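Let's take a friendly walk through this structure, moving from one helix out to the rest of the chain. Keep the view open as you read.

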Amino acid sequence: MPYLTSVRPGTAGTGVRTGFGVPGFAHPLVAPAEWRELTRPGAPLHWVVLNVADGPGVRPDPHCLEAAGRLRNAGVRVLGHVDAAYGLRTFGEVISDAHRFLDWYRVDGFLLDRCPADRAGLPEVRRTVTTLRVIRDGAHIVLGHGTHPYPGYADDADQLVTFSGPWSDYRWSQAAEWTADHPPERFCHFVHGVPGPHLEEALRIARWQGAATIYFTDHTGRGGRTDPWEPLPGYWDEIVSNIGTGVSE
């Protein structure tokens, strides 16, 4: 198994608490049960992404405001979804989105999705992250590379998404060697199409690769036509019980 070929020192048995980073459910009007589920006691949530309309939208949405408020009242960190488009969006566009998330939804930080991963993109991402921390004191910043980026990105963000993709790729994936220099709470893995019988295996891969923030779902992208993150995983209660306190009766 390739993911076991290089064991991260100290990742097994360290007591690091695995938890969920929710990439973003569908709009609360479309997925009310999903949003309600996030406020149930016992789910180990590190954060939840709010994505109104591929970003903050063009005006405040009262349904999203209510959903974000319920999460904050439950002590859950809410991040605004800001699309970096792999560096194709301008600095001004990205910061404008961030301001709207702050003004309208009072988010606790940001997921900079589709973040550049190469060395050339680092200076502009660093500039963006520095500005985000200025406009929102204490902002939690997650860089959504979806792959292992140039190591320098780890100097600027709170967390890096180093895998985002299907189970068929994840089960044979390997962690980059440089990640062993950082604790597991710095890394996130988003995996879709994980069959229920392979859930334990997926959790083992995340543990061995040193990723403490995860999101696994049995849903798939169906050729890119749908977003696998929008519905609740079919085995939500099972995975909560595996890594949390167990909320299903």
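Which residues in α3 are buried?

## Helix α3 and its buried side

This is a predicted model, so please read what follows in that light. The buried residues of α3 are V94, I95, D97, A98, F101, L102 and Y105. Around the helix axis they cover an arc of only 155°, which puts them on the same side of α3. That side has plenty of company: the buried residues of α3 pack against β2 (45-50), α2 (62-73), β3 (78-83), β4 (109-113) and α4 (122-135).

The length of the helix can be checked too. Helix α3 runs over residues 91-105, and at 1.5 Å a residue these 15 residues should span 21 Å; the end C-alpha atoms are 21 Å apart, which agrees.

## Helix α4, one of the partners

Helix α4 passes a similar check: it has 14 residues and reaches 20 Å from its first C-alpha to its last, close to the 20 Å expected at 1.5 Å a residue. Its buried residues are L122, V125, T128, V129 and L132. Seen down the axis of α4, these residues fall within an arc of 125°, so they line one face of the helix.

What lies over that face, and what sits on the other? The cover of the buried residues of α4 includes α3, β4 and β5. Turned away from the buried side is a face that carries the exposed residues P123 and V134.

## The nonpolar core

In soluble globular proteins, nonpolar side chains tend to be buried together. Here the largest nonpolar core has 71 residues, and L143 and F216 touch the most other members. The element that gives the most to this core is α3, with 6 residues.

Which residues does L143 touch, not counting residues up to four places away in sequence? They are L112, C115, V125, V129, Y153, A157, Q159, L160 and V161. Two of these, V125 and V129, are also among the buried residues of α4.

## Two histidines

H27 lies in the loop between β1 (19-22) and α1 (32-37). Its side chain is joined to that of D61 by a polar contact of 2.7 Å. Leaving aside neighbours within four places in sequence, the residues in contact with H27 are W35, V52, D61, H63 and C64.

H140 lies in strand β5. Is H140 buried or exposed? At 11% relative accessibility, H140 counts as buried, because the cut-off for buried is under 20%. With neighbours within four places in sequence left aside, H140 is in contact with W47, R77, L79, D108, G109, F110, D158 and Q159. The C-alpha atoms of H140 and V78 are separated by 9.2 Å, although these residues are 62 residues apart along the chain.

## Loops with something to notice

Most residues other than glycine have a negative phi. Which sign does phi have at D54? D54 is not a glycine, yet its phi is positive, at about 55°. D54 sits in the loop between β2 and α2 and is exposed, with a relative accessible area of 68%. R106 also has a positive phi, near 50°, and is a residue other than glycine. This residue follows α3, in the loop between α3 and β4, and at 63% relative accessibility R106 counts as exposed.

P151 belongs to the loop between β5 (140-144) and β6 (159-166). With a relative accessible area of 35%, P151 is partly exposed. P151 and T179 are 28 residues apart in sequence and 8.0 Å apart in space, C-alpha to C-alpha.

## The chain as a whole

Stepping back, how many helices and strands does the protein chain have? It has 7 helices and 8 strands. Of its 249 residues, 50% count as buried. The accessible surface of the protein chain comes to about 11400 Å², and 49% of that belongs to carbon and sulfur atoms.

Contacts across the sequence complete the view. Among contacts in the protein chain with a separation of 6 or more, 74% are between residues 24 or more positions apart.

Key. Residues numbered from 1 in each chain as written. Predicted model: local features only at pLDDT ≥ 70, side-chain atom pairs only at ≥ 80, totals over all residues. Heavy atoms only, no water. Helix = DSSP H or I, 4+ residues; strand = E, 2+ residues; numbered from the N terminus. Expected span 1.5 Å × (residues − 1). Buried < 20%, exposed > 50% of the residue type's maximum accessible area, 1.4 Å probe, protein only. Arc of directions from axis to C-beta. Contact = heavy atoms within 4.5 Å. Core = buried A, V, L, I, M, F, W, Y, C linked by side-chain atoms within 4.5 Å. Areas by Shrake-Rupley, 256 points an atom, 1.4 Å probe, with all protein chains shown as cover. Polar contact = N/O pair within 3.5 Å; in protein donor to acceptor, adjacent residues only side chain to side chain.
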